[in-house]
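Please open the model in your viewer and keep the sequence panel beside it, since each stop on this tour asks you to select a few residues and then look at what surrounds them.

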Amino acid sequence: MAAFWDRRARENAIFFVDNTLDYGVPDEQAFWDNGEAVLDAVLSAVGAHLRPTDRVVEIGCGVGRLTRPMASRAASVTAVDVSKEMLLQAQHLNQSLRNVTWVLGDGVSLAGIPDAEADACVSHVVFQHIPDPSITLGYVREIGRVLRPGGWAAFQVSNDPGIHRRRLGVARVRLALASAMGRAPRGQGNPAWRGAAVTLEALREAVEAGHMDIERLTGEGTQFCMVLTRRRTAPGR
């Protein structure tokens, strides 16, 4: 996954963070301007909000589109990404952020972040790209580890297996030709882009293993299943 996302970052980092943009000429100003609105949408979907005293862990920060508004609302942000190239660009593009620590992740855990370190965790359109559901579920358990008792997490997972299937036939050939000519994004058939869905049953088991409770769940059965979890304040509670 790290090698794949390093290549995508060198190819067109802005687009691969937000593929609703034009691949040939992505609107960079719109990309950054929309970060605030995207963060608001993620948090409002599950009824969460950030406080000025919060220590936040962001999983899959990319070039820092959501990191910027989080840093303006919280005390600190630990921004984690599996791609060294994404992080290098993020640091270059966000040099004014003094309360952000950029962390190169190992692609399977939140290693290096102490237990009960965070008041909140946030992740959006990240887990849907992970090709092995067991890794996504491992991250969910890790979220429970790094949250303080009473801390919360707002994140998105996919419950729709259909969107992760490889394109077949004419559509696949057309995309491959366009990619080869530089007219379309590369890597669309790679498992690290297509990702995988997780079942609600497995998600609930991972949340339980992380000593958390699900407080809100929206978009069940879709690509955009939004989840709010909270770390229990005492065992079994």
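## A tour by selection

Begin by selecting arginine 55, which is partly exposed, because its relative accessible area is 34% and the partly exposed class runs between 20% and 50%. Bear in mind from the outset that this is a predicted model.

Keep arginine 55 selected and add aspartate 119: the two form a salt bridge in which the closest N and O atoms are 3.1 Å apart. This pair links distant parts of the chain, with arginine 55 in strand β1 (residues 55-59) and aspartate 119 in strand β4 (residues 118-123), 64 residues apart. Unlike its partner, aspartate 119 counts as buried, because its relative accessibility is 7% and the limit for that class is under 20%.

**Next, the salt bridge between two helices.** Select arginine 73 and aspartate 40, whose side chains meet in a salt bridge with an N to O distance of 2.7 Å. Here too the pair links distant parts of the chain, since arginine 73 belongs to helix α3 (residues 67-73) and aspartate 40 to helix α2 (residues 28-46), 33 residues apart. Arginine 73 counts as partly exposed at 21% relative accessibility, and aspartate 40 is likewise partly exposed, at 37%. If you extend the selection to Glu36, you will have a network of salt bridges that links Glu36, Asp40 and Arg73. In total, the structure holds 13 salt bridges.

**Then a salt bridge inside one helix.** Move to helix α5 (residues 133-146), where arginine 145 and glutamate 142 lie three residues apart, about one turn of the helix. These two residues form a salt bridge, their closest N and O atoms being 2.7 Å apart. Is glutamate 142 buried or exposed? At 15% relative accessibility, glutamate 142 counts as buried, whereas arginine 145, at 24%, counts as partly exposed.

**Stay with α5 and add its neighbour.** Show helix α8 (residues 200-209) together with α5; the two pack at an angle of about 30°, with their axes 7 Å apart. They are therefore roughly parallel to each other, as angles under 35 degrees count as such, and their crossing is right-handed. To see the contact itself, select Leu137, Val140 and Arg141 in α5, which meet Ala202, Leu203, Ala206, Val207 and Ala209 in α8. By class, this contact of α5 with α8 has seven nonpolar residues, no polar ones and one charged residue.

**Compare a second helix pair.** Select helix α1 (residues 2-17) and helix α4 (residues 84-93), which pack at an angle of about 50° with their axes 8 Å apart. α1 and α4 are therefore oblique to each other, and α1 passes α4 in a right-handed crossing. On the α1 side, the contact is made by Trp5, Asp6, Ala9, Arg10, Ala13 and Val17, and on the α4 side by Lys84, Glu85, Met86 and Gln89. The residues of this contact divide into five nonpolar, one polar and four charged.

**Finish at a buried threonine.** Select threonine 229, which lies in strand β7 (residues 225-231) and counts as buried at 0% relative accessibility. Which residues is threonine 229 in contact with, leaving aside its neighbours within four places in sequence? They are Gly151, Trp152, Ala153, Phe155, Val207, Met212, Asp213, Ile214 and Glu215. Val207 of α8, which you selected at an earlier stop as part of the contact with α5, thus appears again in the surroundings of threonine 229.

Conventions. Residues numbered from 1 in each chain as written. Predicted model: local features only at pLDDT ≥ 70, side-chain atom pairs only at ≥ 80, totals over all residues. Heavy atoms only, no water. Salt bridge = Lys/Arg side-chain N within 4 Å of Asp/Glu carboxyl O. Helix = DSSP H or I, 4+ residues; strand = E, 2+ residues; numbered from the N terminus. Buried < 20%, exposed > 50% of the residue type's maximum accessible area, 1.4 Å probe, protein only. Axes fitted to C-alpha atoms, helices over the stretch in contact; angles between N-to-C directions. Parallel < 35°, antiparallel > 145°, perpendicular 65-115°, else oblique. Left-handed = near helix turned anticlockwise from the far one by under 90°. Contact = heavy atoms within 4.5 Å. Nonpolar A, V, L, I, M, F, W, Y, C, P; charged D, E, K, R; others polar.
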